[in-house]
Amino acid sequence: MKAPLSLLLLRTLIALAMLIGSASAFADAIRPAYLGLTEEKPGEFSVLWKTPMLGDARLPVEPEFSGDAKAVTAVTTRTPPGAAVEQWTLRAPALRGQTLRIAGLDGSKTDVLVRIEFADGTKWVQRLTGQETSASIPMRQSGWSVAGVYLKLGVDHILFGADHVLFVLGLLLIVKNRWMLLKTITAFTLAHSVTLAIATLGYASVPDVPLNAAIALSILFLGPEIVRSWRGQTSFAIRHPWVVAFAFGLLHGFGFASALTSAGLPRTDLPLALLTFNVGVEMGQLSLVALVLLLERSFRILEIRWPRWAEMLPGYAVGSLGAFWTIQRVAILVAVSH
């Protein structure tokens with residue numbers, strides 16, 4: 001059964017609303033920063049401060065503590081691809097209770113994942129953003145709070161990652177019924193969960209620049225399929241969208257993994273981070289699908305009628321944006337390879 005016109009318009013509006021807020025981030029995607037402190041002896045911490053590069057310059061953000069916290073060794077710097085990594089020793093006799101602030105983070109699209117491990121085995125994990133640039137270091141943090149940090153990171157990664165959102169919406173536009181929808185979403189979930197785990201645990205990796213180009217190509221692929229579906233034509237993708245979802249889901253899983261692997265988390269944190277981050281991704285994805293279906297039902301009950309142009313807009317929006325990102329990212333890939 002052909003998708004109702006109201007659903008087509010609704011999906012487009014959702015996709016475009018998200019793209020307006022985040023499209024500028026695609027051309028210059030900024031990876032998260034990571035601040036790790038490990039207490040080597042009472043009141044003395046080894047510090048690892050990893051920040052993304054903007055061209056040839058390091059992202060201008062710096063950690064600041066509200067109390068007694070002084071560097072007692074010189075800062076050493078190395079620059080692996082795409083990042084600047086600084087290390088030093090910090091003396092902070094009473095770090096618990098202080099407020100950590102990331103100067104320069106205000107209004108930034110970058111997140112900072114903070115991890116402090118104390119000598120008694122306890123740790124504090126927090127995520128700071130351009131809207132929440134500081135936090136107080138508690139005396140204790142529960143395991144649920146740590147899990148919540150990675151869970152929210154996963155939710156935000158899917159809901160505010162417009163290329164991932166657009167791919168999911170594009171799949172919905174060629175799905176014919178609820179059973180096929182279940183198969184398609186399940187296939188996408190299984191595929192990206194596999195590659196997310198493989199990449200996060202370090203068994204395989206894909207360079208960011210070609211990966212981003214391939215993800216854009218997956219969106220471009222769906223544009224003609226949507227139009228072909230509306231014309232009553234068929235293809236392998238239209239008959240078996242779950243296969244397409246699984247195949248391209250493998251690529252998107254590597255994209256999801258970048259939020260964790262780029263931070264350089266200790267291996268001891270990876271099982272919890274991987275599990276809760278993936279749960280967060282699924283929660284965000286299912287929330288998006290549920291919202292679309294609920295609003296579709298509401299529009300159907302209200303018997304809203306839309307103009308002809310609305311029927312064509314979603315497919316061409318998916319194809320056009322996919323083409324734009326593909327050309328843009330392939331150009332970056334060519335520039336980097338030379």
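These are my notebook entries on strand pairing, helix packing and a salt bridge in a predicted model.

**Entry 1. The three-stranded sheet**

I began with the sheet that contains β4. It is an open sheet of three strands, in the order β4-β8-β11, and the pairing is antiparallel. Which strands lie at its edges? I found β4 (62-65) and β11 (134-136) there, each of them pairing on one side only. On average, neighbouring strands of this sheet are turned by 20° against each other, direction ignored.

I then went through the pairs. Four bridges join β4 to strand β8 (residues 99-103), in the antiparallel sense. Within that pair, F65 is placed opposite L100 of β8, and E64 is placed opposite R101 of β8. On to the next pair: β8 and β11 are also antiparallel, with three bridges. Here R101 has S134 of β11 opposite. I noted R101 twice, since the residue stands opposite E64 and opposite S134.

**Entry 2. Strand β1 and its partners**

I next looked up strand β1 (residues 33-41). How many bridges join β1 to strand β9 (residues 112-117)? I recorded six, and the two strands run parallel. One position I checked was G36, whose bridge partner in β9 is R115.

β1 also pairs with β2, in the antiparallel sense and over seven bridges. For L37 of β1, I found V47 as the bridge partner in β2. The two strands form a hairpin with two residues between them. In that turn, G43 has a positive phi of about 80°.

**Entry 3. A salt bridge that reaches β2**

I searched the whole structure for salt bridges and obtained 12. I followed up the one between the side chains of R91 and E44, at 3.4 Å from N to O. Where in the chain do R91 and E44 lie? R91 belongs to strand β7 (residues 83-91) and E44 to strand β2 (residues 44-54). The two residues are 47 residues apart, and the pair links distant parts of the chain. As a reminder to myself, side chains of opposite charge can pair when their charged atoms come close.

**Entry 4. Helix α6 against α8**

I turned to the helices, starting with α6 (residues 208-230) and α8 (residues 241-261). Their axes come within 9 Å and cross at roughly 150°. An angle over 145 degrees counts as roughly antiparallel, so α6 is roughly antiparallel to α8. The crossing of α6 past α8 is left-handed.

I listed the contact residues. From α6 they are L211, A214, I215, S218, F221 and L222, and they meet V244, F248, L251, H252, F254 and G255 of α8. By class I counted nine nonpolar, three polar and no charged residues in this contact.

**Entry 5. Helix α4 against α6**

I examined helix α4 (residues 162-174) against α6. The two pack at an angle of about 25°, with axes 9 Å apart. Why do I call α4 and α6 roughly parallel? An angle under 35 degrees counts as roughly parallel, and α4 and α6 are therefore placed in that class. This crossing is left-handed.

On the α4 side the contact includes H164, F167 and L171, and on the α6 side it includes I219, E225 and W230. I215, S218 and L222 of α6 also take part in the contact with α4; I had already entered I215, S218 and L222 for the contact of α6 with α8. The residues of the α4 and α6 contact divide into 10 nonpolar, four polar and two charged.

**Entry 6. Helix α5 against α8**

Last, I looked up helix α5 (residues 178-200) and α8. Their packing angle is about 35° and their axes are 6 Å apart. Is the crossing of α5 past α8 left-handed or right-handed? I recorded it as right-handed. This contact has 16 nonpolar, eight polar and one charged residues.

Conventions:
Residues are numbered from 1 along each chain as its sequence is written. This is a predicted model: local features need pLDDT of at least 70, side-chain atom pairs count only at pLDDT 80 or more; totals for chains, interfaces and linings use all residues. Side-chain values use heavy atoms; hydrogens and water are left out. Two strands pair if DSSP finds at least two bridges between them. Axes are lines fitted to C-alpha atoms, for helices over the stretch in contact, and angles run from 0 to 180 degrees between N-to-C directions. Angles under 35 degrees count as roughly parallel, over 145 as roughly antiparallel, 65 to 115 as roughly perpendicular and the rest as oblique. A crossing is left-handed if the near helix is turned anticlockwise from the far one by less than a right angle, and right-handed if clockwise. Contact means heavy atoms within 4.5 Å. Ala, Val, Leu, Ile, Met, Phe, Trp, Tyr, Cys and Pro count as nonpolar, Asp, Glu, Lys and Arg as charged, and the others, Gly among them, as polar. A salt bridge is a side-chain nitrogen of Lys or Arg within 4 Å of a carboxyl oxygen of Asp or Glu.
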